[in-house]
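Reader: I have a model open and do not know how to read its features. Please take me through some of them.

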Amino acid sequence: MTVGEIAELLHGRVIGNTQATIRGLAKIEEAGPEDLTFVANPKYAKYLEESHAGVVLISPALIPSDRTVIVVDDPYLCFVRLLEIFYPAVREVEIGVHASAVVDATAVLGEQVAIGAHCVIESGARVGAGSVLFPHTFVGCDAVIGEACTIHSHVSLRRGVRLGNRVVIQNGAVIGSDGFGFAAEMDKFRKIPQVGIVVIEDDVEIGANTTIDRATIGQTLIRSGTKIDNLCQIAHNVTIGRHCVIAAQTGIAGSTSIGDHCQLGGQVGMVGHLKIGDGVMFGAQSGVSNNVASGSIVSGSPSRPIAMWRRIEASLNRLPDLLKRVREIEKQLDNQSARVDEKKP
Amino acid sequence: MTVGEIAELLHGRVIGNTQATIRGLAKIEEAGPEDLTFVANPKYAKYLEESHAGVVLISPALIPSDRTVIVVDDPYLCFVRLLEIFYPAVREVEIGVHASAVVDATAVLGEQVAIGAHCVIESGARVGAGSVLFPHTFVGCDAVIGEACTIHSHVSLRRGVRLGNRVVIQNGAVIGSDGFGFAAEMDKFRKIPQVGIVVIEDDVEIGANTTIDRATIGQTLIRSGTKIDNLCQIAHNVTIGRHCVIAAQTGIAGSTSIGDHCQLGGQVGMVGHLKIGDGVMFGAQSGVSNNVASGSIVSGSPSRPIAMWRRIEASLNRLPDLLKRVREIEKQLDNQSARVDEKKP
Amino acid sequence: MTVGEIAELLHGRVIGNTQATIRGLAKIEEAGPEDLTFVANPKYAKYLEESHAGVVLISPALIPSDRTVIVVDDPYLCFVRLLEIFYPAVREVEIGVHASAVVDATAVLGEQVAIGAHCVIESGARVGAGSVLFPHTFVGCDAVIGEACTIHSHVSLRRGVRLGNRVVIQNGAVIGSDGFGFAAEMDKFRKIPQVGIVVIEDDVEIGANTTIDRATIGQTLIRSGTKIDNLCQIAHNVTIGRHCVIAAQTGIAGSTSIGDHCQLGGQVGMVGHLKIGDGVMFGAQSGVSNNVASGSIVSGSPSRPIAMWRRIEASLNRLPDLLKRVREIEKQLDNQSARVDEKKP
């Protein structure tokens, strides 16, 4: 495509050579003369001068003087749209049921489903129209997968689990494992039956090898639009609201409830039975053991409001020195009293 | 069942309507007029008034005046027993060997085993009577599974691993992966053969996607009754005692030995070669790099006795202010000496 | 073998009985009279007296007076070589393609490959000579596996992923899952197509259930000789240099670049877009949010140079007491000013 054609597609304005040919997309550091790239963050504007990119998507505020650009309002979103166009989704699993898949006679498959090699779909399970199951997917009894879902290889969806539409589950994730519930009985532990389910609403994405436990009773719930990264642990009876973003290796203990539009950094840990409001942001590695009100920003372990946490962190660098200073003060005061004592008759 | 029938089953005493019909079990917040619920923790007694539950299991100490209750000594354990009765375990894998499973001719299967679709059982492996292997289980050469075990889908049990009886392994767990051992040789690393095994004793439960490495030589050992949650890492040659509880995402490095009846919160990390006594409790996100004596309670990273850790945490909130106060003191003392100097002739 | 034969093999010098028979290798605490063991670390020399080992590999500096030893320059490396000899690698997967494996007609298999039961190899994929795929391996379209690789059960190698030679991947690892990239669009998130790949160079080892995301564009890169433990998360567009060692449950966020010969303790977290130099060492549970220069040793969360971190940690134990001391000083100064005020006319 030419720069001019791309600009038309994006309703953008070209400054420079509209006839230049573009064959690929690349990050600004790696882009060559036939690549398009973008600068959305003023922080990366410094790369503009050195970049070999053929053309740069750029916002009106950042126009440089000396190279071909396409000026658009949101260069990042435009770049995402071009990614979708330049790299259209490839069909990796053929429509139909692979001969090696084991599908129970009572399972119900929608139109145009693609069931890969060695998948297992148990009795009473349902797969909605257009959904794709990569090889080695396990779908337990009575589990329900909505329409247009993508389930990658080695995923386990256990008995009774329910997925909405357009849900994406990365490889090896486990949905519906038993909650970690044991009752102390004498000096042993007795397993508490975990008879609830997991409900995952529309447009959720779950990362690779993430685990989401079924509820003891009732349901573990991930509401629509939420994105969960790799290797996260969501315990039994947790509720996560709409359009949250949860980074990798985060763990949320049993029965905690998180509001809408929350963002959790990587390796965050939350104890059980908490209530987290809407729009809360958690720094990476936060350790959360108290309820958090809507709109808060917290960090640290144990977590604190971010301003407080920053003040403490900055103070810590001065703590070893502070010990010395206080010792010095004490000496000085001791000397004073000694002098006072001397003066006494 | 009626309230009266349930009370008889639990050897409990009804106060209120013995004829009320109960159709399900629920958490106190969600229970309706035909549900039974329980209150074991005085903390949750506040929910009693608002609950719509048909009947509440309750301890003698918590009897409320105005609703139908069944008074029992341990409401929680009674509730667990009712869960078992109301939701009896469902057979999800049929007895026998699924046609698509690949079982080596030298493997030995006990009576009434259930081997799911696409399982692979290698040469010399043994599966004890009554054990259930969900689809996609891999059982390596010479691995031994005891009686009445439940192995969920996508579990890997590698060569020579040994499980006792009534062991439960959640989906995707890996038992017997190579220990992480490399010897520095020049500026490279040479893999140290990991020729030991993993031994898991009776009544252990292992969480989803948890990994337990085989020993370099000898064995990695999980003793009877211990419960390990999802996404934990147990390194080579670790020993974990009896009836421990280890919450999710905890990692224990090589050759560390943990006593009986220990409890580890989520995301705990322990370095290698430690000796941890019996009955030790670790707060979530603890970082443990020293031996810990029996009966201790520790928290923090690096971990400290809990009383010390709490004092430090409380003090930290006052640290930024402390810096100011010390600066103030120093000024005051400077002024004093200045005044003293002035007075000098 | 006799002690004399082993000494000859290792070019070592026997002190004691060269005719003693050795049947196995063991750790020093567990070795019996027919076992060989080793002491490499002076810290473990204390076990020498009590050990029942038939013979001990030992360095010239540590020779004890009263037992049979083989004196060698590097007892640890010699022990590793004996492990390789006493426990030669066993072939667990037969050469050839198992009848239950599903291999696309366009896939290319090298000589002497071993493809286990229920493996799935998609179109255009290639497996190099001598590589072993354990059961349930998934190899996506156009993925490339080099020569002499070992891929354990339940591994997913997604579309376009490239492995070098002699790569070892432990069970359940996921290579090439989608990077965690979403663009905010109104109050929702739109998935950014992840069209890049993962490149893993020669002699890398990847731990069980570790996840390595494909690049958004370009590649996520693990350079030769690097070893990554279990349950680690490597995000999109990360680069890890040569001969690094990364312990379990560590997470590295998007686009961060790590140099050669770095060592990361367990449960380390790094934010995205960092530049880490060569030869950097990170303490366990470090939280890294800034670039780190070559040769640094850092620890803590947030991470600091290790000397600084140790001083702060030591100071923290004295912080609660420091608060009291400062209060005491303030009182004393208040009393002084009170006295001064009294004296004033």
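Author: We go through symmetry, salt bridges, a charged patch and a buried residue.

Author: This is a predicted model, in which local features need pLDDT of at least 70, side-chain atom pairs count only at pLDDT 80 or more, and totals for chains, interfaces and linings use all residues. Residues are numbered from 1 along each chain as its sequence is written, chains are lettered from A and ligands numbered from 1 in the order in which they are written, and side-chain values use heavy atoms, with hydrogens and water left out.

Reader: Which rotation superposes chain A on chain C?

Author: Copies are superposed by least squares on the C-alpha atoms of residues with pLDDT of at least 70 in both. Here a rotation of 120° with 0.0 Å of shift along its axis brings chain A onto chain C, with an RMSD of 0.1 Å. That is the relation of a three-fold axis. Chain B is superposed on chain C by a rotation of 120° with 0.0 Å of shift along its axis as well, at RMSD 0.1 Å.

Reader: How many salt bridges does a search of the whole structure find?

Author: A salt bridge is a side-chain nitrogen of Lys or Arg within 4 Å of a carboxyl oxygen of Asp or Glu. The search finds 39 over all chains. One of them pairs Arg159(A) with Glu92(B), at 3.4 Å from N to O. Arg159(A) sits in the loop between strands S16 (156-157) and S17 (162-163) of chain A, and Glu92(B) in the loop between helix H3 (75-86) and strand S6 (96-97) of chain B, so the pair joins two chains. Helices (H or I, at least four residues) and strands (E, at least two) are DSSP runs, numbered from the N terminus.

Reader: Which residue forms a salt bridge with Asp203(B)?

Author: Its partner is Arg166(B), with the closest N and O atoms 2.7 Å apart. Asp203(B) is in the loop between strands S22 (197-200) and S23 (205-206), and Arg166(B) in the loop between strands S17 (162-163) and S18 (168-169), both of chain B, so the pair ties together parts that are 37 residues apart in sequence. Buried means under 20% relative accessible area, exposed over 50%, and partly exposed in between (1.4 Å probe, protein chains only). Asp203(B), at 28%, counts as partly exposed, and Arg166(B), at 42%, is partly exposed.

Reader: Which residues are linked in a network of salt bridges?

Author: Arg158(A), Asp178(A), Lys191(A) and Glu205(B) are linked in such a network.

Reader: Which residues gather in a patch of positive charge?

Author: Patches are made of residues with over 30% relative accessible area and no salt bridge; like charges are joined within 9 Å, and nonpolar side chains (Val, Leu, Ile, Met, Phe, Trp, Tyr) within 5 Å. Lys and Arg count as positive and Asp and Glu as negative, while His and the chain ends are not counted. On the surface, Arg311(A), Arg318(A), Lys324(B), Arg327(B) and Lys331(B) form the positive patch. Helix H5 (residues 319-343) of chain B gives the largest share, three residues. Lys324(B) is found in that helix and is partly exposed at 49% relative accessibility.

Reader: Is Ile121(C) buried or exposed?

Author: Ile121(C) is buried, with a relative accessible area of 1%. Its place is in strand S10 (residues 120-121) of chain C.

How values were computed
Areas by Shrake-Rupley, 256 points an atom, 1.4 Å probe, with all protein chains shown as cover. Charge placed at Lys NZ, Arg CZ, Asp CG, Glu CD.
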